[in-house]
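Colleague: I have some labels to challenge before I use this model at the bench. Can we take them one at a time?

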Amino acid sequence: MGDEAGQRMDAVSRDELLGMIPAYALNALDPDEARALETWLPTDPEGQALLAEYRALAGQLYVLASAYPAPAHLGADLRARLAAGREQRAQPASRAFVWRRAARLWLAAAAVLAVVVAALLVLRPFEESRPAPEDPAQLYAHIAAQAGAQRFALEASEDQPALRGELVATPAGDRAVIRVEQLPVLAANQTFQLWLLDREGALRSGGIFTAAGDPMYILVPLERPLPAYERFGVSIEPAGGSPYADRPTGPPVFRVYVHS
Amino acid sequence: MSQPAELELLQRIQQGDEEALVALHARYAGLVYSVALRVLNDTMAAEEVTQDAFMRLWHRAETFDPARGTFVPWLLTITRRLAIDTQRRQKRDPLSAPVLIDDDPEAWENVLPVDERETADRRLLLEAVAALPDEQRQPIALAYFYGMSHSQIAEHLSLPLGTVKTRLRLGMTKLRAAWLGEPLTDLQGGE
């Protein structure tokens, strides 16, 4: 046993250190105790063996949970996420190919056309909803400028590290708009779908839409005041939307929690 | 599933074989979902964590080091971290008491792959867990599912720090003894 470890042993007895091992295996030691144990442990083979046993035990403590089979749709959902990832990886390559071949003049013209199309589409982001009473981008600016406006950050899914944005709602919580940047590029047979989950656990569709410009503004069709909702989210679905009225089938893009 | 089979699937995942991930998902989605649900007590959130855990596995399979442990504890460490992140974002209270244990020892056998040795070990551990006083089971569950330290558990349960340390140590000592088939000494078994 080294001098340094021996000195620490003066402060904390070996029995005490051995007694810390069960908690250490669970990562439950506070930092000072963990440091003391980690200093002593390399000097004591018995302690190392005991830790290995406790770590093996800790690896089985999932039995403290109740066992439930995974919902059946998760298998299909995983395949959909993998497929979406494949298509996202394929998109940049095909776009690059087109860009290489396009003449600069045509690029400029296409850019102008894209801006015009984007501006038109932003005015009606939800294909299946009625025409919006107000332009979502203007409504976003109007709400965001209000004193007492509520703001909630979007949480991007793991597959969308560049995505960011926020939901803004009126102080009364009766109107809400999502502003999102860096939505993923969809395949031709895909669409985005907005979902609203209320605090009773009921999930309903908020409509389907395609990206039109960046940032994108999405009007949230609230049927009840904002505090009645737990969270909103957007998923990637087949064209036409999820075949189910009450749940998504594709991978999530982002979600936003309504914190009280 | 044996460790070599898992390692082979992980190697295939690193090579971009989606079917290997689907195979692991078919085997362990129930386990991951059960642990996520225990942390979050919300089926939708647990589903999301389950899928996120497997997608993380898809993107970072190379971070599994068999020299440092076996696959299932590693997968469940990812799961608990994701679930704890979600739980903290949603400002949910940890499910602290009481920790209910299934009366049906076959519940896990319907969720996990069949393996006679693992099944026997799990049944032994389930019996030991069920025999623990709740006051010892509770701090273990808070540490395992919520990543709480001694101090955090003491604060959460409004108990003296020393009491929490003793209860957690005694509970773990009893579980280890039962799991290894060792007798408990009086010193180990009493508070």
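Modeller: Start with confidence: pLDDT is the predictor's confidence in each residue, on a scale from 0 to 100. This is a predicted model, so that scale comes before everything else. Among the elements of chain B, helix α8 (residues 161–180) has the highest mean pLDDT, 95. Helix α9 (residues 186–189) of chain B has the lowest, 48.

Colleague: Why should low values make me careful?

Modeller: Where pLDDT is low, the predicted coordinates should not be read in detail. For chain B as a whole, the mean pLDDT is 86, and 88% of the residues reach 70 or more. The model scores ipTM 0.88 and pTM 0.62.

Colleague: What elements make up chain B?

Modeller: Nine helices and zero strands. Of the 191 residues in chain B, 52% are buried. Take the contacts in chain B with a separation of 6 or more: residues 24 or more positions apart account for 63% of them.

Colleague: Why is R122(B) called buried?

Modeller: Buried means under 20% relative accessible area. R122(B) has 4% relative accessibility, so the label fits. R122(B) sits in helix α5 of chain B. Leaving aside neighbours within four places in sequence, its contacts include Y62(A) and V63(A), along with W108(B), E109(B) and L112(B).

Colleague: And what makes D42(B) buried or exposed?

Modeller: The relative accessibility of D42(B) is 13%, so D42(B) counts as buried. D42(B) belongs to the loop between α2 (18–40) and α3 (43–60) of chain B. Not counting residues up to four places away in sequence, D42(B) touches E230(A), R231(A), L37(B) and R92(B). Its C-alpha is 9.9 Å from that of Q87(B), and the two are 45 residues apart in sequence.

Colleague: How do you know whether I218(A) is buried or exposed?

Modeller: At 0% relative accessibility, I218(A) is under the cut-off and counts as buried. The residue is in strand β7 (residues 216–220) of chain A. I218(A) and V177(A) are 41 residues apart along the chain, yet their C-alpha atoms are separated by 5.6 Å.

Colleague: What makes you say that the buried residues of α3(A) line one face?

Modeller: The buried residues in helix α3 (residues 31–40) of chain A are E33(A), A34(A), A36(A), L37(A) and W40(A). Seen down the helix axis, they fall within an arc of 160 degrees, so they line one face. P31(A) and D32(A), on the other side of α3(A), are exposed.

Colleague: Which residues of α7(A) are buried?

Modeller: In helix α7 (residues 136–144) of chain A, they are P136(A), L139(A), Y140(A) and I143(A). Their arc is within 105 degrees, seen down the axis, so they too line one face of the helix.

Colleague: What makes D135(A) a cap of α7(A)?

Modeller: A polar contact needs a pair of N or O atoms within 3.5 Å. A side-chain oxygen of D135(A) lies 3.1 Å from the backbone nitrogen of A137(A), at the N-terminal end of α7(A).

Colleague: Why are Q182(A) and S158(B) labelled as they are for exposure?

Modeller: Exposed means over 50%, and partly exposed lies between that and the buried cut-off. Q182(A) is at 38%, so Q182(A) counts as partly exposed. S158(B) is at 65%, so S158(B) counts as exposed. Q182(A) is not a glycine, but has a positive phi of about 65 degrees. S158(B) is not a glycine either, and has a positive phi of about 55 degrees.

Colleague: How do you know that the peptide bond from D214(A) to P215(A) is cis?

Modeller: Its omega is near 5 degrees. P215(A) lies in the loop between β6 (203–209) and β7 of chain A.

Colleague: What makes one space a cavity and another a pocket?

Modeller: In a cavity, a 1.4 Å probe fits but cannot get out; a pocket is open. The whole structure has one cavity of 30 Å³ or more. The largest cavity has a volume of about 40 Å³, and its lining includes R81(A), D159(A), D52(B) and M55(B). The largest pocket has a volume of about 1,700 Å³. Its lining counts 50 residues, with G59(A), T70(B), P73(B), W74(B) and T77(B) nearest the centre. Helix α4(B) gives the largest share of that lining, nine residues.

Conventions. Residues are numbered from 1 along each chain as its sequence is written. Chains are lettered from A and ligands numbered from 1 in the order in which they are written. This is a predicted model: local features need pLDDT of at least 70, side-chain atom pairs count only at pLDDT 80 or more; totals for chains, interfaces and linings use all residues. Side-chain values use heavy atoms; hydrogens and water are left out. Buried means under 20% relative accessible area, exposed over 50%, partly exposed in between (1.4 Å probe, protein chains only). Helices (H or I, at least four residues) and strands (E, at least two) are DSSP runs, numbered from the N terminus. The arc is that of the directions from the helix axis to the C-beta atoms. A polar contact is a pair of N or O atoms within 3.5 Å; within protein, one must be able to donate a hydrogen and the other to accept it, and residues adjacent in sequence count only if both atoms are side-chain atoms. Contact means heavy atoms within 4.5 Å. On a 1 Å grid over the protein atoms alone, a cavity is a set of points where a 1.4 Å probe fits but cannot get out, and a pocket is an open set with protein on both sides within 12 Å along at least five of seven lines; lining residues have an atom within 4 Å of a point. Grid points are joined across faces, edges and corners, and a volume is the space filled by probe spheres set on the points.
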